Amino acid sequence: MLLINALLLVPAIFLIEPIERLFIFIAILLASDIFIMYLLGRKRNKELDEIKAIINNIRKNKYQTEEEINLDPHLLSLQKAIKKMFIKTKNDIDYLQRLQKMRSQFLANVSHELRTPIFAIQGFIETLLSGAINDKKVNMHFLKKANHHTINLSNLLNDLIDISMIESGEMRMNYGYFDVSALLEGIVNEQKNIANEKGIKLIFHSFNDEMQLFGDKDKIKQVIVNLLQNAIKYSEKGSVEVSVEEAERTASIKVKDTGIGIQEKYLDRIFERFYRVDKARSKSVGGTGLGLAIVKHIVEAHGSKILVKSTVDKGSEFSFQLKK
């Protein structure tokens, strides 16, 4: 605007006479400038008010989609920036709401899982104190039951601590190369008594015993133990097999059973905390409901993914890869 005024004023000085007319021209020029600036300022204030209103509406969560946010065409770049801000804010709010819901469900599940063994232990102790302690026919039975529930309670608390540390990033992983054959063979030997008690044949398929895999040996052992114990729990007959399939740069560790299997619609949910496909059956075979969630977190911490294939009444196969 100053440049336009200068272009008009310079020739006017030489062309307009007398001097009074020049002053009048300058006054008109200034007045028009003031009026134009007033109109521009008014328009700018209107735009600013519109922007403020949109931001307030975003803050109050009044918009459902970014398409509801519209500014003047010449503010297109600003409109895009506001829409990006809206999408990020909405995603953050949705995430926090899901997180809050998960936290509430988690606390409810923990309370329920803790209540069961605590009430059971309390009931057995009260029965013993009421006189059953002197009855040789039942006192050892009640004590063994109470001890069984204390073991379940201890396992639950250990799993809660593990999953809490994993999800908060406080669990340290000690990565290194380890002898996978020796590790798997040792785990299988440790679990054979449990399998034999159920009449399940536990099979370890030998492979390249010089193979070294990269990972946290103790955490990988925890994964294999969880998968093996689950396979044994949910198998009434047949076998549980542990094998390794070698590739050029990786190796896939597999645990396969001939158990009850899992319906396809539940496969995406079995790794959720406390999720049980058949709650009644899961309670009868024991477990904390956190084992597969811990398995998932540990495997993902190794940059891998836990895979599952299952057929109802035929069995399941869990597998994951580690780098060589």
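**Notes on one cavity and one helix pair**

1. Starting with the voids: the count comes to one cavity of 30 Å³ or more. Bear in mind that this is a predicted model. The volume of the largest cavity is about 30 Å³.

2. What lines the largest cavity? Going round the wall, you'll find Ile58, Asn61, Phe86, Thr89, Lys90 and Ile93. Helix H3, residues 76–129, supplies the largest share of that lining, with four residues. Sorted by class, the lining of the largest cavity has three nonpolar residues, two polar and one charged.

3. Now the helix pair. H5 covers residues 180–197 and H6 covers residues 217–233; their axes come within 10 Å and cross at roughly 30°. Angles under 35 degrees count as roughly parallel, so H5 is roughly parallel to H6. As for the hand, H5 and H6 make a right-handed crossing.

4. Which residues make the contact? On the H5 side they are Leu183, Leu184, Ile187, Val188, Glu190, Gln191, Ile194 and Ala195. H6 answers with Lys217, Ile220, Lys221, Ile224, Val225, Leu228, Gln229 and Ile232. If you'd rather have the H5 contact with H6 by class, it has eleven nonpolar residues, two polar and three charged.

5. If you want to check this on screen, two places cover the points above: the cavity lined by residues including Phe86 and Lys90, and the right-handed crossing of H5 and H6.

Methods
Residues are numbered from 1 along each chain as its sequence is written. This is a predicted model: local features need pLDDT of at least 70, side-chain atom pairs count only at pLDDT 80 or more; totals for chains, interfaces and linings use all residues. Side-chain values use heavy atoms; hydrogens and water are left out. Axes are lines fitted to C-alpha atoms, for helices over the stretch in contact, and angles run from 0 to 180 degrees between N-to-C directions. Helices (H or I, at least four residues) and strands (E, at least two) are DSSP runs, numbered from the N terminus. Angles under 35 degrees count as roughly parallel, over 145 as roughly antiparallel, 65 to 115 as roughly perpendicular and the rest as oblique. A crossing is left-handed if the near helix is turned anticlockwise from the far one by less than a right angle, and right-handed if clockwise. Contact means heavy atoms within 4.5 Å. Ala, Val, Leu, Ile, Met, Phe, Trp, Tyr, Cys and Pro count as nonpolar, Asp, Glu, Lys and Arg as charged, and the others, Gly among them, as polar. On a 1 Å grid over the protein atoms alone, a cavity is a set of points where a 1.4 Å probe fits but cannot get out, and a pocket is an open set with protein on both sides within 12 Å along at least five of seven lines; lining residues have an atom within 4 Å of a point. Grid points are joined across faces, edges and corners, and a volume is the space filled by probe spheres set on the points.
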